[in-house]
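Colleague: Could you walk me through this one before I set anything up? I'd like to hear about the contacts.

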Protein chains: 2
Amino acid sequence: MLMAEPVATDDAPAAGSKSQQAYGAVKQRIVDGAYPPGHRLVLAAIAQDLGVSVVPVREAIRRLEAEGLVTFQRNVGATVAGIDPTEYLYTMQTLSLVEGAATALSAPLIDAEVLDRAAAVNEEMRACLQDFDPLRFTRLNQDFHAILFERCPNPHILDLVHRGWNRLASLRSSTFRFVPERARDSVEEHAHLLSLMADGADADTIERFARLHRSATLDAYLTHFSATEAATDADPDAAHDHG
Amino acid sequence: MLMAEPVATDDAPAAGSKSQQAYGAVKQRIVDGAYPPGHRLVLAAIAQDLGVSVVPVREAIRRLEAEGLVTFQRNVGATVAGIDPTEYLYTMQTLSLVEGAATALSAPLIDAEVLDRAAAVNEEMRACLQDFDPLRFTRLNQDFHAILFERCPNPHILDLVHRGWNRLASLRSSTFRFVPERARDSVEEHAHLLSLMADGADADTIERFARLHRSATLDAYLTHFSATEAATDADPDAAHDHG
DNA sequence: GAGTACGAAATCGTATACGAAGAGTAGGCA
DNA sequence: TGCCTACTCTTCGTATACGATTTCGTACTC
């Protein structure tokens, strides 16, 4: 869906250049949790592990830094970016902005067939509500939105949306894991969004609603956490790293 | 080997690492127009020119690629990003989105002193209307907006705004050069924006107006160019590279 | 016993070297 | 004469090597 790789065989990135290989491999390990947040990324170790030299690894790390997945310090090294709740907030806020715009810009280019596909995914999500699986739900949620914003004609905005989702994936902090109640509302809002598009609502309405939809998810997260943190009071990031 | 001193006198980037030096140097040359759009960036040549090895240059180029200032092709090389009118459109559209949001998010944090500074810059712009100098006007325009969005609390969005302005600078395609009539309206809209902020208008109103303000500039550009291109009909990019 | 200075290990940053992939050009063949 | 092929040349991609910087451990002093 939002895989930029030309063709991935099954799990190995298998990109043309070793830099891209290294990029894909390290990124995957971050997203998978093999490299937990705060983990130090040593160039030589990764290079040996991947069977390449440090040069491509270095380049991969810098790319990941540009995407915000790792933090980098000169002459010190890189560490996997932390899962600061503030960071999540910023990312979600940014995503609400650019995804709302991308969805609105996509809307005129979306035909009935695409709407049907999105509706099918949304029905899967609805079915997923019983026997709730946060991971699966989150993945479907991403698929749903990707269908709707992927036709955005402005490649810059589309790229920003992809980056946002990427960062969310690296943060590994799904709202639906903490606030499953939000899932049901989310599905309903999806249905409403589809009906807006089907009725040919104007761009501003769609943008506003798409943005609100994401903001609502963020709000659910925030209220949940402010409550949780006030209750537990200690070890405020214990809730994140149980991936 | 002529070693560049770590401490730079005044205009050199003065970065600690050679990668950053190279990044700053190449970027400056692109923005200044020393490397015109379409110019091929050969690693070895730049490296020799800067007195460093190709490795830092390579990294600098990749960073510039990530920012969109240069395009890169594997095993072929990098070229300074073109000034495709379409690219300008996309960039301005994206900027209208993120800058509008950044301005709206900044608004609650802006006090009277900041508003006064912005107003002063706007008056400079108004004075600049006689004896019109597009370059100076464009610079003041950037200053004006920077004052208003710089307090945006979301660093991601703020970063996107900076990137957008960066890319605009690299495109070197100022609307005010082609459509000086737009300048007067722009100043008035700035004044209105300031009054909105002074009156404590809600975020949505400010965002909407800031976005519209930029979109209007873009529209002026587009109508000008569609007219110009229809008239000249040939060599549609002649208007760009007289920088 | 605590703080500081020195030294060693680890790791990054950069230079140099060589192999690989594309682009351009000249030559041959239809 | 036009097109295809082989070759060379430029330029990038990656490996290896070495110097620079930081960090951590240890010994010494107050």
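Modeller: What follows goes through the DNA contacts and then the interface between the chains, and please keep in mind that this is a predicted model.

Colleague: OK, which residues are closest to DNA strand C?

Modeller: Of the 20 residues that surround DNA strand C, the closest are A:Arg58, B:Lys18, B:Ser19, B:Ser53 and B:Asn75. Sugar and phosphate make up 89% of the atoms of DNA strand C that come within 4 Å of the protein.

Colleague: And what touches the phosphate oxygens of that strand?

Modeller: On chain B, an N or O atom in the side chain of B:Ser19 is 3.1 Å from a phosphate oxygen, while on chain A polar backbone atoms are involved, with A:Leu41 at 3.4 Å and A:Leu43 at 3.4 Å. The elements giving two or more residues to this surface are strand S1 (40-41) of chain A and, from chain B, helix H1 (18-32) and helix H3 (54-67).

Colleague: How does that surface divide by residue type?

Modeller: It comprises 10 nonpolar, six polar and four charged residues.

Colleague: Switching to the protein side, how much do chain A and chain B bury between them?

Modeller: They bury about 2,400 Å², with 49% of that on carbon and sulfur atoms. In chain A, the residues losing the most area to chain B are A:Glu59, A:Leu97 and A:His156, which together account for 22% of what that side buries.

Colleague: How many salt bridges cross it?

Modeller: The rule finds eight, one of which pairs the side chains of A:Arg208 and B:Asp204 at 3.4 Å, N to O. On the side of chain A that touches chain B, H4(A) gives the most, with nine residues.

Methods. Residues numbered from 1 in each chain as written. Chains lettered and ligands numbered in written order. Predicted model: local features only at pLDDT ≥ 70, side-chain atom pairs only at ≥ 80, totals over all residues. Heavy atoms only, no water. Near = heavy atom within 4 Å. Polar contact = N/O pair within 3.5 Å; in protein donor to acceptor, adjacent residues only side chain to side chain. Helix = DSSP H or I, 4+ residues; strand = E, 2+ residues; numbered from the N terminus. Nonpolar A, V, L, I, M, F, W, Y, C, P; charged D, E, K, R; others polar. Buried area = accessible area lost by both parts, 1.4 Å probe. Salt bridge = Lys/Arg side-chain N within 4 Å of Asp/Glu carboxyl O.
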